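Colleague: I am new to reading protein models, and I would like a close look at one part of this one. Could you walk me through the metal site and show me where it sits in the chain?

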Amino acid sequence: MAKFCINCGKELGDTDKVCSQCGTPVDGAAPAQATTVVAPARAQKSNGLALAGFIVSLVSTILCCGSFNVISLILSIVGAVKAKDCGGNGKGLAIAGIIISAIGLILLIVLTIFGYAAAIIEEAGYSY
Ligand SMILES: [Zn+2]
């Protein structure tokens with residue numbers, strides 16, 4: 001037996017939960033969009049990852065514990081990607097975090113190479 005929409009009168013299918021034309025629920029309740037007030041989306045989502053990446057990169061570079069720069073680099077890159085979803089929020093921080101992390105990592109690599117070189121020279125018995 002065919003049913004009809006109580007709001008607009010359109011014929012409804014047996015399996016329809018809402019009217020395909022106006023969206024009124026078949027069970028006779030008021031249209032969802034009229035009664036349900038959707039909470040307004042925040043205009044700017046906070047970008048915690050970008051901030052976290054920036055802070056970790058800064059701290060790890062200052063404290064010279066460069067292994068954290070890998071973490072901060074990842075955080076900053078993810079933060080930069082997420083910045084697009086956050087309306088650009090945190091993009092500057094994320095980019096700063098990436099740059100600081102990269103500098104910290106390069107320093108770490110250079111220091112490690114020098115460290116190994118010094119150790120090898122010492123091992124070989126050369127002394128100044
Ligand atoms: Zn309808």
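Modeller: Happy to; here is the metal site, followed by the rest of the chain around it. Please keep in mind from the start that this is a predicted model.

Let's begin with the zinc ion itself. Four cysteines coordinate the zinc ion, each through its SG atom: Cys5, Cys8, Cys19 and Cys22. The distances run from 2.2 to 2.3 Å. Now picture the angles that the four donor atoms subtend around the zinc ion: they are 103 to 116 degrees, and therefore the arrangement is tetrahedral. To count as tetrahedral, all angles have to lie between 85 and 135 degrees.

Next, find these residues in the sequence. The donor residues follow the spacing C-x2-C-x10-C-x2-C. Cysteine 5 and cysteine 19 are 14 residues apart, and this pair links distant parts of the chain. Cysteine 5 lies in the loop between strand S1 (3–4) and strand S2 (11–12), while cysteine 19 lies in the loop between S2 and helix H1 (32–35).

Are these cysteines buried or exposed? The cut-off to remember is that buried means under 20% relative accessible area. Cysteine 5 has 7% relative accessibility, so cysteine 5 counts as buried. Cysteine 19, with a relative accessible area of 3%, is buried too. Cysteine 22 is at 19%, which is under the cut-off, so cysteine 22 is buried as well.

With several cysteines around one ion, you may wonder about disulfides. A disulfide is a covalent bond between the sulfur atoms of two cysteines. The count of disulfides here is zero.

Now step back to the whole chain. The protein chain contains two strands and four helices, and along the sequence they come in the pattern β-β-α-α-α-α. Of its 128 residues, 20% count as buried. The accessible surface of the protein chain is about 8,900 Å², and carbon and sulfur atoms hold 68% of that. If you take contacts between residues at least 6 apart in sequence, 41% of them join residues at least 24 apart.

Finally, follow the chain to helix H4, residues 91–123. Helix H4 has 33 residues and reaches 47 Å from its first C-alpha to its last, close to the expected 48 Å. The buried residues in H4 include Ala94, Gly97, Ile100 and Leu105. After H4 comes glycine 125, which has a positive phi, near 95 degrees.

Notes: Residues numbered from 1 in each chain as written. Predicted model: local features only at pLDDT ≥ 70, side-chain atom pairs only at ≥ 80, totals over all residues. Heavy atoms only, no water. Buried < 20%, exposed > 50% of the residue type's maximum accessible area, 1.4 Å probe, protein only. Contact = heavy atoms within 4.5 Å. Areas by Shrake-Rupley, 256 points an atom, 1.4 Å probe, with all protein chains shown as cover. Donors = N, O, S within 2.8 Å, 3.2 Å for Na, K, Ca; no water. Tetrahedral: all angles 85-135°; square planar, octahedral: opposite > 155°, others 65-115°. Expected span 1.5 Å × (residues − 1). Disulfide = S-S within 2.5 Å.
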